[in-house]
Amino acid sequence: MTERRTGTEPGKAGCVERPGVDRRAASPVATPPEATFPCVDTHCHAHEDPDPSSTWERARGAGVVALVCVGTDVDRSRDALETARALGPGVAATAGLHPHEASRPGAAGADGLERLLEEALEVDDSSVVGVGECGLDYHYDLSPRAAQRTAFAAQVALAARFDRTLVIHTREAWDDTFDVLRGERAPERVIFHCFTGGPEELRRCLDLGAWVSFSGILTFPSAGEVREAARACPEAALLTETDSPYLAPVPYRGRRNEPALVGLVASSLAAVREEDPGVLAGVLLDNAVRAFGGRLVPLEATGPPPASGSAPA
Ligand SMILES: [Zn+2]
């Protein structure tokens, strides 16, 4: 495995909630919540954890039957892929360039990503299940907007070429996001990760036939619009994620997140929709499998967690 980066250098920290999360800190949760239903974390960065196998073990103990390690630059995408292969069934990876990394040139940019995908898919077809996270982030604007659009368009094309699910990160950039998607041959499967819009943005995502992934933001008191969208979203388009180590749900907000907490996201989604969490869990599992084109293969929900310290084959 390549050397792990800490994510503390400028421009490296990932998704939505950048400041204040120390990836190296121990988990805030001594014992993850008990499994009451199987759940799926469709978007996390577990490959950046100090010990991804213990992250996976804790997640399994909390009922997580599948998770997707999402790449944010070429090196981290390679780490995500290697982690998925090392941890085995139930864990998959994506390869992508986050909008924060959009100005990286050559081998560290879209060209390098293309080569990584070519190499990975030659070895096996199932470890890399998506392209992304990619998109536009006009909140932080850590890369010039023109570069963000170029890198995003290149990854839309890669997702179509390799028939992988496109994983989109968009923040304060809805119009341009849909504009780029209109200009490219869109891949068959698209996920809007960590959905932060309201009912109007939801409608635009659904018009594309996309899945909409809800995170711990759903539990934030200020996220009324997101909850409104979660209520309005057709069941077949719903996904859940942690985006860990970011965006820990209430009551762990501001601390280090982990995939073991995705059940809290699923429970709050069920509560918002006034649905039975166990029934919704089955739907979310089916949706996740379809959203990744059948390449994400969940563990049997009844399987025991692995013995401590065991190295998956
Ligand atoms: Zn992310």
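Helices, here H or I runs of at least four residues, and strands, E runs of at least two, are DSSP runs numbered from the N terminus. With that in place, let me begin with helix α2, which is followed by Gly88, a residue whose phi is positive, near 85°.

Before going further, I should say that this is a predicted model, in which local features need pLDDT of at least 70, side-chain atom pairs count only at pLDDT 80 or more, and totals for chains, interfaces and linings use all residues. Residues are numbered from 1 along each chain as its sequence is written.

Staying with α2, residues 74-87, its 14 residues should span 20 Å at 1.5 Å a residue (the expected span being 1.5 Å times one less than the number of residues), and the end C-alpha atoms are 20 Å apart, which agrees. Is this helix covered or not? It is mostly covered, with 10 of its 14 residues buried, where buried means that 20 or more other C-beta atoms, placed from the backbone, lie within 10 Å of the residue's own. Among those buried residues are Val74, Leu81 and Leu87, together with Arg76, Arg78 and Asp79. What covers them includes α1 (52-61), β2 (64-69), β3 (91-95), α3 (110-123) and β4, counting two residues as in contact if their C-beta atoms, placed from the backbone, lie within 7 Å.

Let me turn now to the sheet. Eight strands form an open sheet with parallel pairing, in the order β1-β2-β3-β4-β5-β6-β7-β8, and two strands are taken to pair if DSSP finds at least two bridges between them. At the edges stand β1 (39-44) and β8 (238-240), each with a single partner strand, so one side of each is left without a neighbour in the sheet. Neighbouring strands are turned by 25° against each other on average, direction ignored, with axes fitted as lines to C-alpha atoms, for helices over the stretch in contact, and angles running from 0 to 180 degrees between N-to-C directions.

At one edge, four bridges join β1 to β2, and Cys39 stands opposite Val64. Six of the six residues of β2 are buried, so this strand is largely enclosed by the rest of the structure. On its way to β3, β2 is joined by three bridges, with Val68 opposite Ala92.

At the other edge, three bridges join β7 (residues 211-214) to β8, and Phe214 stands opposite Thr240.

Finally, helix α4 (residues 145-162) lies across β4 (128-137) and β5 (165-171), running at about 160° to β4.

How values were computed
Buried ≥ 20, exposed ≤ 12 C-beta atoms within 10 Å, placed from the backbone.
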